[in-house]
Amino acid sequence: MSSLTEGHPPIGIDDINDESKHKKLNTDVVERESGEREMGHSIHRSGSRPQLDLSKAAIQGNFEEKDPTILLPNQSDDISHLALDIGGSLIKLVYFSRHEDRSVNDRRKKSIKEIFGVSNCNRRSYPILGGRLHFVKFETTKINECLDFISSKQLHRGGLDARHWNSDAPDNENAVIKATGGGAFKFADLFKERLGVSIDKEDEMGCLVSGANFLLKAIRHEAFTHMEGHKEFVQIDTNDLFPYLLVNIGSGVSMIKVDGDGKFQRVSGTNVGGGTYWGLGKLLTKCKSFDELLELSQRGDNRTIDMLVGDIYGGMDYSKIGLSASTIASSFGKAISENKNLEDYRPEDISLSLLRMISYNIGQIAYLNALRFGLKRIFFGGFFIRGHAYTMDTISFAIQFWSKGDAQAMFLRHEGFLGALGAFMSYEKHGLDDLMVHHLVERFPMGAPYTGGKIHGPPLGDLNEKASGEELVGTRSSWISDMADSNLSRDAWVQYSNSSNMLGSIHCKLHENVHQLASFQSVGFKQKISWMEKFVRKGTEITAPVPMAPPGTTGLGGFEVPSSKGDTLRSDASNLNVGVLHLVPTLEVFPLLVDPKTYEPNTIDLADHGELEYWFTVLSEHLPDLVDKAVASEGGTEDAKRRGDAFARAFSAHLARLMEEPAAYGKLGLANLLELREECLREFQFVDAYRSIKQRENEASLAVLPDLLMELDSMNEEARLLTLIEGVLAANIFDWGSRACVDLYHKGTIIEIYRMSRNKMQRPWRVDDFDLFKKKVLGSGEKKPHPHKRALLFVDNAGADVVLGMLPLARELLRRGTEVVLVANSLPALNDVTAMELPDIVAEAAKHCDILRRAAEAGGLLVDVMINAADVNKENSSSVPLMVVENGCGSPCIDLRQVSSELAAAAKDADLVILEGMGRSLHTNYNAQFKCDALKLAMVKNQRLAEKLIKGNIYDCVCRYEPASSDLQSSSLS
Amino acid sequence: MEIASPQPSTDEGSHLALDIGGSLIKLVYSSNTSEPDDKGKQSSKECSGVSNDSNDYPVLGGRLHFAKFETSKINDCLEFISSKQLHRHGRWHHEAAGHDKDTIKATGGGAYRFADLFKEKLGVGLDKVDEMDCLVSGANFLLNAVHPEAFTYINGREEYVQIDPNDLYPYLLVNIGSGVSMIKVDGVGKFERVSGTSVGGGTFWGLGRLLTNCKSFDELLELSHNGNNRVIDMLVGDIYGGADYMKIGLTSTTIASSFGKAISENKELGDYRPEDISRSLLRMISNNIGQISYLNALRFGLKRIFFGGFFIRGHAYTMDTISVAVHFWSKGEAQAMFLKHEGFLGALGAFMSYETHGIDTIITPSS
């Protein structure tokens, strides 16, 4: 493991959770810990982002359990700050961890810095985390667990590695922790005694308010409404946030009118709050925990115990004053008139009645206070709610009913952590003040130490704001099912795969045009494109032996389809929808977006349940293969298998969670779902599952590149441009996200795919703005073309896609005097090429092509290649530069609201954006509007998407060109 | 106290009116008999759940009697009516007035629910009168005609309030029955139900019954006298280690969370004294009603809040809690007032809905 850590400096895993030496570890883990010491020191970050230390990670308990616990006993973090909110029932912790700066020496970055003048002094490679905010809670009665947790992680001393990055920190003789809540007073002595630290008490209301203000401003999907079971995220306009009423429901309830940062007044409150629910509930039901009580309520029927208007009126409404028969006239009122004792009532009913009474009462009092001050928005926070649907519905109903729709109840995903976050922000240098929405990325690692003690299996968080950018795994994986859709069974694939008729038959199936099939062979590119023959040979040679883990070695084997909701209810406190918040100060909004405010990356909204189910099925089906691949990429060791199992378990749990509540992690788009999978892989330390596959495909493609270039050069300008675009579209079929594609690869028929693909290149494509693009690039008639100054090419897959598709296109642009910036992923996602890999690919390609070589030299990509300085100088002047920048993402899609600062810098002078591949041009950004010319190129490898987006079929192509808004509007603009 | 009618109606027969609520049935009836009744001076607070004891007020040439029963024991009520032939008086009256039907004025949900039962058992129909109408006309009558009727309750002291009938409106009427209705009253027959809460008398009695083994509302209420809510409520001081949170005006004895202490201890229901539970429950509910009432009074700029309904029962701690809540939240601006006939507003209102009840012109002799 340690070699793995050292070997891949740029690719770290974060979101770690650690759980070291916690007293709660169960005994057998503790034993193993001592028995396997030698494995335990693998963490130490090799100057890169810390790696998840999975040595000894293990799933605890029964695998059949829904949410097994995963223990990561050896993980640790660098901690800088810890803040606490010690309430009457719960202790909330917020702590911050960060890593050392990694000095970036690679040549690409240096040159990029110079070229774009990026002078961000604290630049590190992505994900350059300013750090991460972690959210944890404990029951106040178990404060010793909390102290143990703090102690084990040395949170009070600034973390285990504090001195490493803060060498002049004193030895914490006078360490101080910020804390709020009543317990900050009550337990101050205990903290002094146990941890030797002083508690610096912060005002509770002040903390609640600053916590809420931060969340509402900085987290995109923080606030949501919840009516009749329907959850909807609310876009908060930072400039129109105040005033609002903040209702914090802890043991008791505080109601605070907030007029601005630091401007607020506690206007009301009630002593009937979470403590009342839990306290009374405990007396009445014998439940052992708040969550158990809450869970009971899900199966309750309050009508057995509440007196309804109908009970009083003999089933009639009292509509004169607006009360229907089912209105509750008196909570618990039915317990009066019947000769029943406590035991005669179901605890479920009691819990529900109690919950409704308290929630409704809070809603009513909150409304009356909002009314009093003319506030339209009421935000509810505090740990009482716990994302519990009935509670939120009841509160919302009360507000809705009493205000007749004038006021709105909104809830916060970080509901319970307002105070702790506020306390955190009371540190003088917490660094959160200047953060903006686009600086934050929320991750939902399985092991987030949300609750102290054990790390729970179920996903904690969700994908809220992602840095975005996923490749369409879905796209690819959906292939499989698309094949099924088009009635082409797997067997049919096999049967056809070795036949040159395959292409035709697919074509035929898709277009129901049998005659086209025959014409296929005569299309004629076989003749002309001799490089293709070579590629075929190369391809069959190379692709067949992709190493695969033998089936069944991952222990778990297949994975359940996400369990449907059924009667299982979320009860575990760890199911709160809070992840780890990554602060990434270097992320920026892509400057070429026409309107970042209205920009929505996702084309597919998974709020549609059918859509959601479809994609979940796709991902679930793809999972076993992905696990095999991931395990193989790590050498198929026992450790890798174990991690593979853990990954599968974790990801399945995420899916199950999201199936149950799609908005659990924030607004859920396809991009989020796909990114979640990549993040989950990284969490379990699969840094690059497709590494060897990518290498093989790159090699195969590079081997035939010179021939392709030669052929291209023999064409006239117009034919060449068309062939180049065709090439991009055709090569885009190499997509490991597609199960069908994967199956074909295993049969060693890579070239067949490519052939089929090329054959599909007959225009018009389903979306075909090529002529418009051509006019822009080549000019028309007498009009001389005006070359673009700089083009940003968002590349997709490694192998043929980038080498035979995008690179030749880049070369053409360079030849025409346009600077080219290749934009690639910062972290691996499926078989997408990364910014780290591109310079080597370019260097290899440059060996056979002067245009590329000179441009790469000019772009600083080849500085230490064996070219002497004189040559460089001489030739530099003769070419516009070819550059590579990372996009800031580790996903198959891209959310352009959060891109790397180097991409943002590169975009400043760009006047052409080319998005390639389904992930970045269809699943996301298909409808994105840019300030400059934009070309979106992709082959649709998903029947469902094809129908939905372009009213077409699988393997149809999209060539969408949209001139900058000042130019002619493309007719295809929808 | 005398309620006198200077212009006694000549056909003033005996009337019976009912308010059949979710928990209690309230009766108001007049009689021609002039037998003295010593209990008449008492407010209704001592009624026990099953009681048929009544409070009588002499009307000129007769008396106004007040009685109540638990709704669950409606048969006792029917027997009571039957034994006193109260429905017969009404019948006689209505026959005299030329009506064909035997009807009794009734309000409350039970007027609907039990209509058939009355028909079957007593052979009378229930003439349903709107509940809010009755509450308001009952309250208006009491506030205008009866003295002393309204009083404040501060620091354990009742203090009667002189109501100027010309400066009575608007006010907020809070009727605490099983549930709670809040009615803004602008004049005779002019009112609007502006709010309410389901956390009322029924909640106290229902939850209390589940938590203690009390057999009656009054027993539960009685228990609360000897209770100490600090055992079970989480106080500000419990959270702050004994310190106040003065910055926002919370003293260490302020209740932060009702029943909140039951969370943190390894105790079960049996480990708590019923007295303490009752006290905590009473305080929670009273305080909540006081708070919501105040917020509604504030909303409409009402300075006076009258509390009625059988929940209160003249219970000192209840009134004290409500008063404190109103005082605290309004910073002394608004005042909680209670009514001696708190429980009979609806029944009285129903009684007054008889066309010729003979008491709407009654005025109180100045004292």
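Two residues are in contact here if their C-beta atoms, placed from the backbone, lie within 7 Å. The model is predicted.

**View 1. Surroundings of Ile378(A).** Neighbours within four places in sequence are left aside. Ile378(A) then contacts Tyr244(A), Leu245(A) and Val247(A). Its partners also include Ala366(A), Ala370(A) and Ile399(A). The run Ala407(A), Gln408(A), Ala409(A) and Met410(A) completes the list.

**View 2. The largest nonpolar core.** This core has 358 residues. Ile378(A) and Leu793(A) have the most contacts inside it. Helix H13 of chain A, residues 347–372, gives the largest share of this core, 13 residues. Another core, of nine residues, lies apart from it. Among its members are Met307(A), Val309(A), Ile312(A) and Ile328(A).

**View 3. Helices H5 and H12 of chain B.** H5(B) spans residues 131–145 and H12(B) spans residues 345–352. They pack at an angle of about 95°, with axes 6 Å apart. H5(B) is therefore roughly perpendicular to H12(B). Residues of H5(B) at the contact include Cys134(B), Leu135(B), Val136(B) and Phe141(B). On the H12(B) side, Leu345(B), Leu348(B) and Met352(B) are among those they meet. The contact has ten nonpolar, four polar and two charged residues.

**View 4. Where chain B touches chain A.** In this interface, 52 residues of chain B contact 52 residues of chain A. Elements of chain B that each supply at least two residues include strand S11 (190–197), helix H6 (201–211) and helix H10 (274–299). H10(B) provides the largest share of the chain B side, nine residues. By class, that side has 22 nonpolar, 23 polar and seven charged residues.

Terms used
Residues are numbered from 1 along each chain as its sequence is written. Chains are lettered from A and ligands numbered from 1 in the order in which they are written. This is a predicted model: local features need pLDDT of at least 70, side-chain atom pairs count only at pLDDT 80 or more; totals for chains, interfaces and linings use all residues. A nonpolar core is a set of buried Ala, Val, Leu, Ile, Met, Phe, Trp, Tyr and Cys residues joined through C-beta atoms within 7 Å. A residue is buried if 20 or more other C-beta atoms lie within 10 Å of its own, exposed if 12 or fewer, and partly exposed in between; C-beta atoms are placed from the backbone. Helices (H or I, at least four residues) and strands (E, at least two) are DSSP runs, numbered from the N terminus. Axes are lines fitted to C-alpha atoms, for helices over the stretch in contact, and angles run from 0 to 180 degrees between N-to-C directions. Angles under 35 degrees count as roughly parallel, over 145 as roughly antiparallel, 65 to 115 as roughly perpendicular and the rest as oblique. Ala, Val, Leu, Ile, Met, Phe, Trp, Tyr, Cys and Pro count as nonpolar, Asp, Glu, Lys and Arg as charged, and the others, Gly among them, as polar.
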